[in-house]
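Got your viewer open? Here's a stop-by-stop tour, with something to select at each stop.

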Amino acid sequence: MLQTQGVEGLMVKTGSSTYRGCSRQWRKVRHAETVDAEVVGFTGPAARPRHLAVRLPDGRTALSQALKAPLAAEMAQVLAGAPRPRRAATAGGEPYSAVVTGTVVEVLSGTTRHAVVTVTRVR
């Protein structure tokens, strides 16, 4: 409901924390949705991908945040059997190696103006 009103997220702190400018005890928690996305590419070497290019349910292609080592190793196995990649770029101009894998991943997709995509697991 807050996002429909233009609220990006909430500022949170511990109950005992007082307000001090530039305090690291306060954190901004942005709204994100868990969705399934099709893997359409990657950055870095196929043997150790750094980011995945995913097609989100709304049709946008986005690069994920950096992959953790276990996810990168799992995706390296998938990419090893994929056809030779071709060069592509997101609508924002970010380059990636495009491949057809038929792989779907679960992602946390930010819904704010600074939306980020974080891969949580391979389906």
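How far does helix H1 reach from its first C-alpha to its last? Select residues 69-80 and run a distance between the end C-alphas: the twelve residues of H1 reach 16 Å, close to the 16 Å expected at 1.5 Å a residue. One thing to keep in mind while you click around: this is a predicted model.

**Stop 1: around the helix**

Stay on H1 and show side chains. Pick out Leu 71, Ala 72, Met 75, Ala 76 and Leu 79, which are buried. Now look down the axis: these buried residues cover an arc of only 140°, which puts them on the same side of H1. Then spin round to the face turned away from that buried side, where you'll find the exposed residues Pro 70, Gln 77 and Ala 80.

**Stop 2: zoom out**

Switch to a cartoon of the whole protein. You should see one helix and nine strands. Colour from the N terminus on and follow the order of elements, β-β-β-β-β-α-β-β-β-β. If you add a surface, about 8,000 Å² is exposed, with carbon and sulfur atoms supplying 53% of it. As for the inside, 33% of the 123 residues count as buried. Sequence separation is worth a thought here too: among contacts between residues at least 6 apart in sequence, 44% join residues at least 24 apart.

**Stop 3: a hairpin**

Select residues 86-89 and 95-98, which are strands S6 and S7. The two run antiparallel and are joined by four bridges. For a single pairing, click Arg 86 and look across to Ala 98, its bridge partner in S7. Five residues sit between the strands of this hairpin, and in the turn Gly 93 has a positive phi of about 90°.

**Stop 4: Val 35**

Next, go to Val 35 in strand S3. Is this side chain's residue buried or exposed? Val 35 counts as buried, at 18% relative accessibility, with the cut-off for buried set at under 20%. Now show what surrounds Val 35: setting aside residues up to four places away in sequence, Val 35 touches Pro 57, Val 105, Glu 106, Val 107 and Ser 109. Try a C-alpha to C-alpha distance from Val 35 to Ser 109: the two are 74 residues apart in sequence but 6.9 Å apart in space.

**Stop 5: Glu 106 and its arginines**

One of the contacts of Val 35 deserves its own stop: Glu 106, which lies in strand S8. Glu 106 is buried, with a relative accessible area of 14%. Which residues is Glu 106 in contact with, leaving aside neighbours within four places in sequence? Select Thr 34, Val 35, Asp 36, Thr 118, Val 119, Thr 120, Arg 121 and Arg 123, and you have the set.

Keep the two arginines on screen. The side chain of Arg 121 meets that of Glu 106 in a salt bridge, at 3.1 Å from N to O. That pair links distant parts of the chain, with Arg 121 in strand S9 (residues 117-122) and Glu 106 in strand S8 (residues 104-110), 15 residues apart. Unlike buried Glu 106, Arg 121 is partly exposed, with a relative accessible area of 40%.

Arg 123 forms a salt bridge with Glu 106 as well, and the closest N and O atoms are 2.9 Å apart. Arg 123 lies in the segment after S9 while Glu 106 is in S8, so the pair ties together parts that are 17 residues apart in sequence. Finally, add Asp 36 to the selection: Asp 36, Glu 106, Arg 121 and Arg 123 are linked in a network of salt bridges.

**Stop 6: one more salt bridge**

How many salt bridges does a search of the whole structure find? Five. For a pair at another spot, select Arg 55 and Glu 38, whose side chains meet in a salt bridge at 3.4 Å, N to O. Arg 55 lies in strand S4 (residues 51-55) and Glu 38 in strand S3 (residues 32-43), so this pair ties together parts that are 17 residues apart in sequence. Both partners are partly exposed: the relative accessible area is 38% for Arg 55 and 32% for Glu 38.

Note on methods
Residues are numbered from 1 along each chain as its sequence is written. This is a predicted model: local features need pLDDT of at least 70, side-chain atom pairs count only at pLDDT 80 or more; totals for chains, interfaces and linings use all residues. Side-chain values use heavy atoms; hydrogens and water are left out. A salt bridge is a side-chain nitrogen of Lys or Arg within 4 Å of a carboxyl oxygen of Asp or Glu. Buried means under 20% relative accessible area, exposed over 50%, partly exposed in between (1.4 Å probe, protein chains only). The expected span of a helix is 1.5 Å times one less than its number of residues. The arc is that of the directions from the helix axis to the C-beta atoms. Contact means heavy atoms within 4.5 Å. Accessible areas come from the Shrake-Rupley method with a 1.4 Å probe; for residues, only the protein chains shown count as cover. Two strands pair if DSSP finds at least two bridges between them.
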